[in-house]
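This report introduces a structure to a reader who has not met it before. Please look over the sequence and the model before reading on.

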Amino acid sequence: MAKDKILVIGANGQIGTVLLEQLRKIHGTDQVIGSDIVAPREENGPFVVLDATNVLAMVETVHRHGITQIYHLAAVLSAKGELDPLRAWELNMRTLFNVFEVAREVKLDKVFFPSSIAAFGDSAPQYDTPQATYLDPSTVYGISKVAGENWAGYYHKRYGVDIRSLRYPGVISYQSMPGGGTTDYAVEIFHEAVQHKLYTCFLREDTLLPMIYMDDAIRATLELMEAPVENIRIRSSYNLAGVSFTPAQVTAEIKRYYPDFEVQYQPDFRQMIADSWPKSVDDTAAYQDWGWKPQFDLARMTQVMIEKLSEKYQQKLLITQ
C-alpha cells in the first residue's frame, strides 16, 4: 500500500511549524514536505520554497514529490488583513483556488484548509455559536474564510474532492509567535510575563473570546484528517472549541506564578473585530462525527506556556552570556 506524501503550505507559520513536526513524527520525515515563501531558519526535513500564488510552481512541486495530501495554511490573518484588504483577499483566495484546482486535477486524496471563528459576525449568536448560523464576517479575512468554506463544499459536491476544514479559535502556543491575528494578545501576554515586563493589551480586559491550546488544535486537525470519509458530514468547516477566557482571566491565572505581573489596556482597531466574534462556540458536530474533545483548560494551558517559555528565555540568556 502506497504511503501518503504530504505537502504543508505555510509551514513557517504559527500552526504550520508545529503541524509539520507532528506530521513527520507520524508519517516519517521524508514523507512530509514543508513549504513557504521563504526557507525556515532551521531545516529539519525536506523543504521547498514555494509561492502558493504561483499555480504552475505548485503543480510542479506536487508532481515532483508525488504529493497525495495538502495542508494549506498560508493566509493573511484578521488584523494584518485590515491594513490592506484587497491584498489579503487576493492572496487568501488565489492560494485557495490554486490548492483546490491542483487537488481536482491531480486527484489528491485529501486537502485540509483552516477556517476561523472570524467567519462569524454580528448576526450569529455570541454564546454557544451553532454549527449552522449566520455568517456575516466583519473582516476581509473572515469574508475569505466564508468564501473558502463555500468553495470547499462546492469542490466536494461537484468534483468529489475530499476537503476537510476546522473553524479555529485563537491558537495559543510557545513554539512561535502568531502572525497578525486579533487573538495574538493571548500569546504575547505570556512572553511578557516570563520576561517580567509590563504588557500592554490591545483588547479590553473583559473581552471574552474562544481560544485553543496548540496541542489541542493539532490533535483536532489530525483526528479530522484521519477520520473515515463516511464520518465527515460537514463539508464547509467544523466548529472547534477549546476554552473561552478574557484578558483579565488569563492575567489572573498568570499572577499565580508572577504576582507582580502588570497589564495595562489600550484597545485599538482590533477591539471592534473581537466584538463581532463569538464568545463561545458549540462544537457538538465535531464530537459526534469524529469524537473531538479538548484536553487543555486555562489552568493547564497557562502552566505549560509558562514552563516552556521560561525554558526558552533561560536558554537565550545562557547563549548571550
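The sections below describe a predicted model, beginning with its sheet and moving on to its helices.

## The sheet

Six strands come together in an open sheet whose pairing is parallel, and their order across the sheet is β3-β2-β1-β4-β5-β7. The edges are taken by β3 (47–49) and β7 (163–164), each of which has a single partner strand, so one side of each is left without a neighbour in the sheet.

At the β3 edge, the partner is strand β2 (residues 32–36), which pairs with β3 in the parallel sense over three bridges. Within this part of the sheet, S35 stands opposite V48 in β3.

## Helices across the sheet

Helix α4 lies across β1 (6–9), β4 (69–72), β5 (110–112) and β7, and its direction makes an angle of about 170 degrees with that of β4. Helix α7 (residues 214–226) lies across β4, β5 and β7, running at about 155 degrees to β5.

## How α2 and α4 pack

Two packed helices are described by the angle between their axes and by the distance between those axes. Helix α2 (residues 55–65) packs with helix α4 (residues 85–106) at an angle of about 45 degrees, and their axes are 10 Å apart. The two helices, α2 and α4, are therefore oblique to each other, and α2 passes α4 in a right-handed crossing.

On the α2 side the contact is made by V55, M58, V59, V62 and H63, while α4 contributes N98, V99, V102 and V106. Sorted by character, the residues of this contact of α2 with α4 comprise seven nonpolar, two polar and no charged.

Methods: Residues are numbered from 1 along each chain as its sequence is written. This is a predicted model: local features need pLDDT of at least 70, side-chain atom pairs count only at pLDDT 80 or more; totals for chains, interfaces and linings use all residues. Side-chain values use heavy atoms; hydrogens and water are left out. Axes are lines fitted to C-alpha atoms, for helices over the stretch in contact, and angles run from 0 to 180 degrees between N-to-C directions. Helices (H or I, at least four residues) and strands (E, at least two) are DSSP runs, numbered from the N terminus. Angles under 35 degrees count as roughly parallel, over 145 as roughly antiparallel, 65 to 115 as roughly perpendicular and the rest as oblique. A crossing is left-handed if the near helix is turned anticlockwise from the far one by less than a right angle, and right-handed if clockwise. Contact means heavy atoms within 4.5 Å. Ala, Val, Leu, Ile, Met, Phe, Trp, Tyr, Cys and Pro count as nonpolar, Asp, Glu, Lys and Arg as charged, and the others, Gly among them, as polar. Two strands pair if DSSP finds at least two bridges between them.
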